[in-house]
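Me: Hi, I have a structure open and would like to talk it through. Can you help me find my way around?

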Amino acid sequence: MIDPQFLASQSIQALDIQPDPELNQRLGLYQVFLRLYEQNRGLLDEILNLEISGARSLRGAMFPYVQGMVLGQRAYIITNLVGSRSQAFAQPQHIWTIGRDSRRVNVPIRDRRLSRYHASIEYIPQEGFYLRDLGSSNGSFVNGEMLRQHRPLADGDQVRLGSLTFTFFVTQAIQQLSELSPDVLTQVSLADAPPTMPLDPEYQDAEDLWTSQEDEARDSTAVGSEDTSMFMRRHP
């Protein structure tokens, strides 16, 4: 098989053209992908299909989370696991049970790998939030470690219940910020602004320039990805 990079270098020498570093880099990538494609054709076809379908599915996707919040003597959890929208849940005993059975748990989630009565999150004053496994079939994990009984949850922990994975955040303190001065308030507040208030011309120009630069960068990246994909498909 003829090396594409060799052909390009010969053509450049014949035309007495200075080599383009970006062109050389693309040819090098083509060569690597071509070799990979020859050895793992089926696998790379799947990767290309995942790239296309993944880009579509990520639009508007919500990333699952649970946030524990303490306000005075009350504790809450805020999550988007129920109904795919963020909601706050208050519970008198500060215990939130998670599972598939809405008759047994107070945070029911539709996931076939969740047990009917899977796990619970409990807030203990002066200590924090704890995760407990309730004898589930597929287990509960925190940061990849299987939960044997219970353990405290820290800000940023990755939790997996069955096949359900979410990030846990905790907020135990609220800072009261000072009021804005009247002159600043008139500049930033939208309370008295019309719904379709036009942008300042200088700000609009800057925004248009930033958007144009962002679009050019995104188009350049997309072209490189499409070129690679098309080259792989045309050279089976």
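Me: Let me start with a pair I clicked on. Which residue does serine 140 stand opposite in S11?
Reply: Serine 140 stands opposite leucine 161 there. Keep in mind that this is a predicted model.

Me: Thanks. How many bridges join S8 to S11, and are they parallel or antiparallel?
Reply: Strand S8 (residues 140-142) and strand S11 (residues 157-161) are joined by three bridges and run antiparallel.

Me: What sheet do those two belong to, and in what order do its strands come?
Reply: They sit in an open sheet of seven strands with mixed pairing, and the order is S3-S2-S1-S12-S11-S8-S9. Strand S3 (87-90) and strand S9 (145-146) are at the edges with a single partner strand each, so each has one side without a neighbour in the sheet.

Me: Let's go to S1. Is that strand mostly covered or mostly open?
Reply: S1 (residues 65-71) is mostly covered, with six of its seven residues buried.

Me: And which strands does S1 pair with?
Reply: On one hand there is strand S12 (residues 164-171), paired with S1 in the parallel sense over five bridges. Tyrosine 65 has threonine 167 of S12 as its bridge partner. On the other hand there is strand S2 (residues 74-79), where the pairing with S1 is antiparallel and covers six bridges. Within that pairing, leucine 71 is matched with arginine 74, and valine 70 stands opposite alanine 75.

Me: What does glycine 72 do in the hairpin of S1 and S2?
Reply: The hairpin has two residues between its strands, and glycine 72 takes a positive phi near 65°.

Me: What about the S2 to S3 side, how many bridges there?
Reply: Four bridges join S2 to S3, and the two run antiparallel. As one example, isoleucine 78 stands opposite alanine 88 in S3.

Me: Back to arginine 74. Is it buried or exposed?
Reply: Somewhere between the two: arginine 74 has a relative accessible area of 41%, so it counts as partly exposed. Its place is in strand S2.

Me: What is arginine 74 in contact with, apart from its neighbours in sequence?
Reply: Leaving out those within four places, arginine 74 is in contact with Met69, Ala90 and His94. You could also look at glutamine 91, which is 17 residues away along the chain, with 8.8 Å between the two C-alpha atoms.

Me: New topic: which residues touch the most other members of the largest nonpolar core?
Reply: Trp96, Ile109, Ile121, Phe129, Leu131 and Leu161 do, in a core of 25 residues. The elements giving two or more residues to this core are S1, S2, strand S4 (95-99), S6, strand S7 (128-133), S11 and S12. In soluble globular proteins, nonpolar side chains tend to be buried together.

Me: Which residues does leucine 131 contact?
Reply: Beyond four places in sequence, the contacts of leucine 131 include Ile121, Val142, Leu147, Leu153, Val159 and Leu161. Among the others are Ser120, Gln149, His150 and Arg151.

Me: Where is serine 115, and is it buried or exposed?
Reply: Serine 115 is in the loop between strand S5 (107-108) and strand S6 (119-124). With a relative accessibility of 11%, serine 115 falls under the 20% cut-off, so it counts as buried. Leaving aside neighbours within four places, its contacts are Gly99, Arg100, Ser136 and Ser137.

Me: And on the outside, which residues make a nonpolar surface patch?
Reply: Leu180, Val184, Leu185 and Val188 make one of about 330 Å². Leucine 185 lies in helix H4 (residues 182-188), and at 43% relative accessibility it counts as partly exposed.

Me: Last one, the whole chain. How many helices and strands are there, and what share of residues is buried?
Reply: The protein chain has five helices and twelve strands. Buried residues are 28% of its 236 residues. Its accessible surface is about 17,100 Å², with 53% of that belonging to carbon and sulfur atoms.

Notes. Residues numbered from 1 in each chain as written. Predicted model: local features only at pLDDT ≥ 70, side-chain atom pairs only at ≥ 80, totals over all residues. Heavy atoms only, no water. Buried < 20%, exposed > 50% of the residue type's maximum accessible area, 1.4 Å probe, protein only. Pairing = 2+ DSSP bridges. Contact = heavy atoms within 4.5 Å. Areas by Shrake-Rupley, 256 points an atom, 1.4 Å probe, with all protein chains shown as cover. Core = buried A, V, L, I, M, F, W, Y, C linked by side-chain atoms within 4.5 Å. Patch = residues over 30% accessible without salt bridge, like charges linked within 9 Å, V, L, I, M, F, W, Y side chains within 5 Å. Salt bridge = Lys/Arg side-chain N within 4 Å of Asp/Glu carboxyl O.
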